Amino acid sequence: MAEQKPHFLLVTYPVQGHINPALQFAKRLLRAGARVTFSTTVSAYRKMEKGNSIPKGVTFTTFSDGYDDGYRRNVDGDGQTYLSVFRQRGSESLRELLKKSAAEGNPVTCLVYTLLLPWAAEVARGLNVPSALLWIQPATVFDVYYYYFNEYNDVISECEKDPSWCLKLPNLPFELKARDLPSFLLPSNSYSYTCALLPSFKEQMEELEKEEKATILVNTFEALEADMLRSIEKFQLIPIGPLLPSAFLDGKDPLDKSFGGDLFQRSKDGDYMEWLNSQEKSSVIYVSFGSLSVLSKPQMEELARALIQTRRPFLWVIREKETKEKEKQDQETKQAEEEEEELSCMGELKQQGLIVPWCSQVEVLSHPSIGCFVTHCGWNSTLESLTSGVPMVAFPQWTDQTTNAKLVQDVWKTGVRVKPSEEDGLVKSEELGRCLEVVMESDETKENAKRWRDLAIQASFSKPFNPKNEYGQFKNRRSTKLKGA
Ligand code: UDP
């Protein structure tokens, strides 16, 4: 009888930073000969369709978060409400998906889920389907959360009282100051959406502890976080990164050049890649704050002034707010609307560089004209920059970005972190200018960036990905013959 291929179901939280690495993981599993179904929420899938951004070759299906027409924070309730409706509807929807697959003779042999969906593991367990967490942040951040929920809660709660406070966690080779901790752990973090997220991290840790030596698939690579991957004995953190399109790593699929699965639409006018082709080597400053962060208007003005003062060409991603009609009352949206008001120096900016609503970031970062990346240090952006050998100006906003910025500046030494003004918290144009000059001119930073690029590429060559070995869930199953991919 022919052996049945293993069937992975990948489910993701509906944001770009989860969808991108999960999609790359899906592509690798496919290349390794597995069967893969990729699932995200109905509304996220519709956005991908709208942008003509459904990657070929991957089978998609959707599940419901309870907001199939899109969630609107001020109309539909706060973050807490969203997560609890998502848990309920998502669990039902996922259970139906798993049952349907089994009934159709295509049972899921492993469920892989991203952050903020701890209930997915519970659903899988209920149906005897093995599951694994795909951790889409660095191993360091996993460790910090683990220690926070295990004995270090009180210590960390003190972190903002004394400016000289710092923390040495077991087996981590550096100290952390309050500003280096994931922002959700700071007692001053009272914003309701992020407060709603922390319990989900706690539940995730509790969920993992239910298994003996749970396996966690981490989007990182051995050389980058060797100590951090082994810090916690009770878990097995397996580095499977960097999860980037093949063209930038092992080159096995030269046509695999962008992520696909974009939730945002790219620029209609002007081809930014053509514009990059016309720029000198290592001359362009690339600026992007990812898919979620919104800068205040005064901060945008400071950034714009800094770019003008450098007199260097730049490519700046300023996202369009898609739902502004529906979210008029929302405070954050007000901020976004301010952002959309024309910047006072827009005329000058447009003479010096290019502003686009969205781009294929991996293609941009790997273009030889890029000299540095002003980034919010989302984990995907950080890894993409490291893998492209592009030095960074680290400008973190929230969540794990603060810890990632610490790693970039002090541990991997591939960039400089901005210092916000003590007066009003803004990063002033002079400070940004200082960081840009250091990063664009420092040979040491550039050399480090190149070294990390080489190590990232080596990581994807030296250890061909093989879900059978890496994941271990199939050890006792006869049905899995997978080649390295
Ligand atoms: N990204 C992109 N085009 C853009 C801006 C961002 O393709 O114009 C991608 C980027 O390559 C990354 C993801 O969006 O893979 C953002 O994830 P990250 O973890 O960096 O930040 P988040 O959006 O979660 O804050």
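User: Let's start with the ligand. Which residues come nearest to the ligand?

Analyst: Keep in mind that this is a predicted model. For a ligand, you look at the shell of residues around it, and here that shell has 20 residues. Gly-17, Gly-290, Gln-361, Gly-378 and Ser-381 come nearest.

User: Which helices supply at least two residues of that shell?

Analyst: Helix H1 (16–31), helix H13 (361–365) and helix H14 (379–388) each do. H14 gives the most, with four residues.

User: And how do the shell residues divide into nonpolar, polar and charged?

Analyst: You get seven nonpolar, 12 polar and one charged.

User: Okay, on to the core. What should I look for?

Analyst: Nonpolar side chains tend to be buried together in soluble globular proteins. In this model, the largest nonpolar core has 121 residues, and Leu-10, Leu-111, Ala-120, Leu-134 and Val-393 have the most contacts inside it. Helix H6 (residues 139–157) brings the largest share, nine residues.

User: What does Leu-10 touch?

Analyst: Leaving out residues up to four places away in sequence, its contacts include Ala-22, Phe-25, Val-36 and Phe-38.

User: How do I read a sheet?

Analyst: Strands pair through backbone hydrogen bonds, either parallel or antiparallel. Here, one open sheet of six strands goes S12-S11-S10-S13-S14-S15, with parallel pairing. Its edges are S12 (354–356) and S15 (415–417), each pairing on one side only. From one strand to the next, the twist averages 15°.

User: What joins S14 to S15?

Analyst: Three bridges join these parallel strands; Met-392, for example, has Gly-415 in S15 as its bridge partner. Helix H15 (residues 401–411) lies across both strands, at about 130° to S15.

Technical notes
Residues numbered from 1 in each chain as written. Predicted model: local features only at pLDDT ≥ 70, side-chain atom pairs only at ≥ 80, totals over all residues. Core = buried A, V, L, I, M, F, W, Y, C linked by C-beta atoms within 7 Å. Buried ≥ 20, exposed ≤ 12 C-beta atoms within 10 Å, placed from the backbone. Contact = placed C-beta atoms within 7 Å. Near = placed C-beta within 6 Å. Nonpolar A, V, L, I, M, F, W, Y, C, P; charged D, E, K, R; others polar. Pairing = 2+ DSSP bridges. Axes fitted to C-alpha atoms, helices over the stretch in contact; angles between N-to-C directions.
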